[in-house]
Amino acid sequence: MASLSINNVTKSFGSTEVLKGININIDSGEFLVLVGPSGCGKSTLLNLIAGLETITSGEILIGDRVVNEISPKDRDIAMVFQNYALYPNMSIRKNISFGLETRKVPRKEIEETVNRVATLLQIGELLDRKPAQLSGGQRQRVAMGRAIARNPEVFLFDEPLSNLDAKLRVEMRTEIKHLHQRINTTIVYVTHDQIEAMTMADRIAIMKDGIVQQFDTPQQVYDNPSNMFVAGFIGSPSMNFIECSVKTEGNQSAVELNTGTETPQQLVIPPEVCQLEAYREKSVILGVRPEKIAHGFPDQDANPSIHALQCKVSVIEPTGPDTLVIVMINEKAVTCRVQPAEASQPGEEMTLMIDLSKAIFFDPDSGRRIA
Amino acid sequence: MKTQISPGRLILYSLLILMVIVYLIPVYMTIITALKFPEDINLLTSWDFPDRINWGSFSQAYDKLGPNLTNSIILTITATILSTLLGSLNGYVFSKWKFRGSETIFTLFLFGMFIPYQIILIPLFQVLRALNIYGGLPGLILAHVVYGIPITSLIFRNFYAQIPTGLIKSAQLDGAGFFRIYCRIVFPLSAPGFVVASIWQFTQIWNEFLWGICLTRHTSNPITVGLAQLAGGQAVNWNMPMAGSIMAGLPVVLVYIFLGKYFIRGLLEGAIKE
């Protein structure tokens, strides 16, 4: 087990800079998820940690050892690949022991390790089969077993679940998390799936265009996104972004919302939610999560941040536990999460309660969050 | 269900059968002539099946062509093995160990494929002379190995492109180096590539004539050269060269019959896999 420090790391391929000064530090035993859309540089960063690519500038430390110049095999890491990368010509037993044989581990110790790993991952009965004879989930487990056998300081996972079907993916997610709790090794996990990131990570680094947009715990990233990209990327369905103008109401700031069914309302934004003085008579982006616009909230009468809006329903999408109701606010489609029994039909009007106590405001030009 | 043959089909099949006949006529001619006695061979009855069969043509031809046949077998097998092995290593580098300029070098390799045998004949002769291996089988083997590298490299590079790079990376992390990865992981997966490349090389080298006659002395001549000399005189006993032709042609035909399905499969590999 070891901590991992990534200090000011950049990476260029020719003249294209794919990583632009990455800084990430995690403690020993932490589960770090790198998440972002394709092309954001997350896999490149993982390859840099693995040593499969060379760093252009900056440094990477595993424990307190700078590994920039150390070859992949000497970094004491193990990696699980997207397509599992099991050696097709070798039995499962050989797949697991290959790395140990290469490292000249004594035969007896190899045998013990293979058996220990097989028991841990319940793949004992598969040991003499070939990878082609295994199902996707079993291959995934073998790939993890091969990584565990080496007992590395850091585990690297490169989108390991993206080839599995939806149900198996959820199962393996739990299994990987469970595994982490048992062996407690530092893990760096790359994915483009924000749900995987949220459910598995101790800390998430959200990347875009070779820059870490935010590096924090899953809950912080969800509640306090640092910019519009993070706010929109994390959470499903995504956060609603409503452009609105800031007015003065008494000596407080208020945002104007127009649902098209009544006269535009001016909703006061208390200073503890956001200081909007500098934006008065200009426009801002109001970010509000779908679950904060609902049919009703238990404390709606006592809470001054909750306002009623009369809206016309344009589409409804039942998900089972909730129904997503899409309405127009300030000429923008807005998703609201409503109890299925309370949802109106498309074309009808309904009263929705909007809770602005956790609302987030963004600068419309930079997309940055307004404190 | 009634089998119905549409007029279109009928025309198609008639044409195809005609083509088959056209292609098989020389084969028929070769076989029946080989089975005749020399005195039974004349223009008038050249199309007739022999009244009495002369298997002796084959032993006669073998007496003359035996050494050439041995030469050809040594030449073809050695050169095929060496050139496919080298091609496999090249393909491994070009697809999995790309380096700065490797694409350019690969392109230059490909040019080699389009150089006709005739163009490099004189330089090749001079090089083999300078290396002191002109005239014998080793020189001819070297020439064929070198000439075969471009095509075998191309076949293996394309074949290895289907092997996920993750396997190589994974093996690297497992601590394996360039040759260990090749021997333990890439080579065991290479059978279809080897089938395609070796059938190709076997056919090319076995059938090659020009280098065979120019670069070897009489005792080292391959079978193509021996065959030509068999038919080269004035008054020829035609049954003997015909039998020789069958002997010379048979190995390639057999290779295709037994490995042909792997050849097609190998060529299509990747085209049908996801």
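This note goes through strand pairing, cavities and one helix contact in a predicted model.

1. The open sheet of chain A. Six strands of chain A make up an open sheet, and their order is S13-S12-S11-S14-S20-S21. The pairing in this sheet is antiparallel. Its edges are strand S13, residues 265–269, and strand S21, residues 369–370, each of which pairs on one side only. Strands of a sheet pair through backbone hydrogen bonds, in either a parallel or an antiparallel sense.

2. The S21 edge. Strand S20(A), residues 360–362, is joined to S21(A) by 2 bridges in the antiparallel sense. Here Phe362(A) stands opposite Arg369(A), a residue of S21(A).

3. Strand S17 and its partner S16. Strand S17(A) spans residues 323–329, and 6 of its 7 residues are buried, which leaves the strand mostly covered. Strand S16(A), residues 306–318, pairs with S17(A) over 5 bridges in the antiparallel sense. Pro318(A) has Thr323(A) of S17(A) as its bridge partner. The two strands form a hairpin with 4 residues between them, and Gly320(A) in this hairpin has a positive phi near 115 degrees.

4. Strand S17 and its partner S18. S17(A) also pairs with strand S18(A), residues 332–338, through 7 bridges, and the two run antiparallel. Ile329(A) is matched with Lys332(A) in S18(A) as its bridge partner. This hairpin has 2 residues between the strands, and Asn330(A) in the turn takes a positive phi of about 50 degrees. In a regular strand the side chains alternate between the two faces of the sheet.

5. Strands S3, S9 and S10. Strand S3(A), residues 31–35, and strand S9(A), residues 203–208, run parallel and are joined by 4 bridges. Leu34(A) lies opposite Ala205(A) of S9(A). S9(A) pairs as well with strand S10(A), residues 211–216, this time in the antiparallel sense and over 5 bridges. Lys208(A) has Ile211(A) in S10(A) as its bridge partner. The hairpin of S9(A) and S10(A) has 2 residues between the strands, with Asp209(A) at a positive phi near 50 degrees.

6. The largest cavity. There are 2 cavities of 30 Å³ or more in the structure, and the largest has a volume of about 60 Å³. Residues of both chains line the largest cavity: from chain A, Ala78(A), Met79(A), Phe81(A), Ala143(A), Arg146(A), Ala147(A) and Arg150(A), and from chain B, Ser170(B), Leu173(B) and Asp174(B). At least two lining residues each come from strand S6(A), residues 77–80, helix H4(A), residues 136–149, and helix H6(B), residues 165–173. H4(A) supplies the largest share, 3 residues. By class, the lining has 6 nonpolar, 1 polar and 3 charged residues.

7. The second largest cavity. This cavity holds about 30 Å³ of space. Its lining consists of Val80(A), Met144(A), Ala147(A), Ile148(A), Phe155(A), Phe157(A), Leu179(A), Ile183(A) and Ile187(A). The elements of chain A that give two or more residues are H4, strand S7 (154–158) and helix H5 (166–183). H4(A) again gives the most, with 3 residues. The lining divides into 9 nonpolar residues, no polar and no charged. Ala147(A) appears in the lining of the largest cavity and also in that of the second largest.

8. A helix contact in chain B. Two packed helices are described by the angle between their axes and the distance between the axes. For helix H2(B), residues 56–96, and helix H5(B), residues 137–160, the angle is about 35 degrees and the axes are 6 Å apart. H2(B) passes H5(B) in a right-handed crossing. The contact between these helices has 14 nonpolar, 12 polar and 2 charged residues.

9. Ile77 of chain B. Ile77(B) is located in helix H2 of chain B. Is Ile77(B) buried, partly exposed or exposed? Its relative accessible area is 41%; buried means under 20% and exposed over 50%, so Ile77(B) counts as partly exposed. The C-alpha atoms of Ile77(B) and Gln201(B) are 9.3 Å apart, although 124 residues separate the two along the chain.

Methods. Residues are numbered from 1 along each chain as its sequence is written. Chains are lettered from A and ligands numbered from 1 in the order in which they are written. This is a predicted model: local features need pLDDT of at least 70, side-chain atom pairs count only at pLDDT 80 or more; totals for chains, interfaces and linings use all residues. Side-chain values use heavy atoms; hydrogens and water are left out. Two strands pair if DSSP finds at least two bridges between them. Buried means under 20% relative accessible area, exposed over 50%, partly exposed in between (1.4 Å probe, protein chains only). On a 1 Å grid over the protein atoms alone, a cavity is a set of points where a 1.4 Å probe fits but cannot get out, and a pocket is an open set with protein on both sides within 12 Å along at least five of seven lines; lining residues have an atom within 4 Å of a point. Grid points are joined across faces, edges and corners, and a volume is the space filled by probe spheres set on the points. Ala, Val, Leu, Ile, Met, Phe, Trp, Tyr, Cys and Pro count as nonpolar, Asp, Glu, Lys and Arg as charged, and the others, Gly among them, as polar. Axes are lines fitted to C-alpha atoms, for helices over the stretch in contact, and angles run from 0 to 180 degrees between N-to-C directions. A crossing is left-handed if the near helix is turned anticlockwise from the far one by less than a right angle, and right-handed if clockwise.
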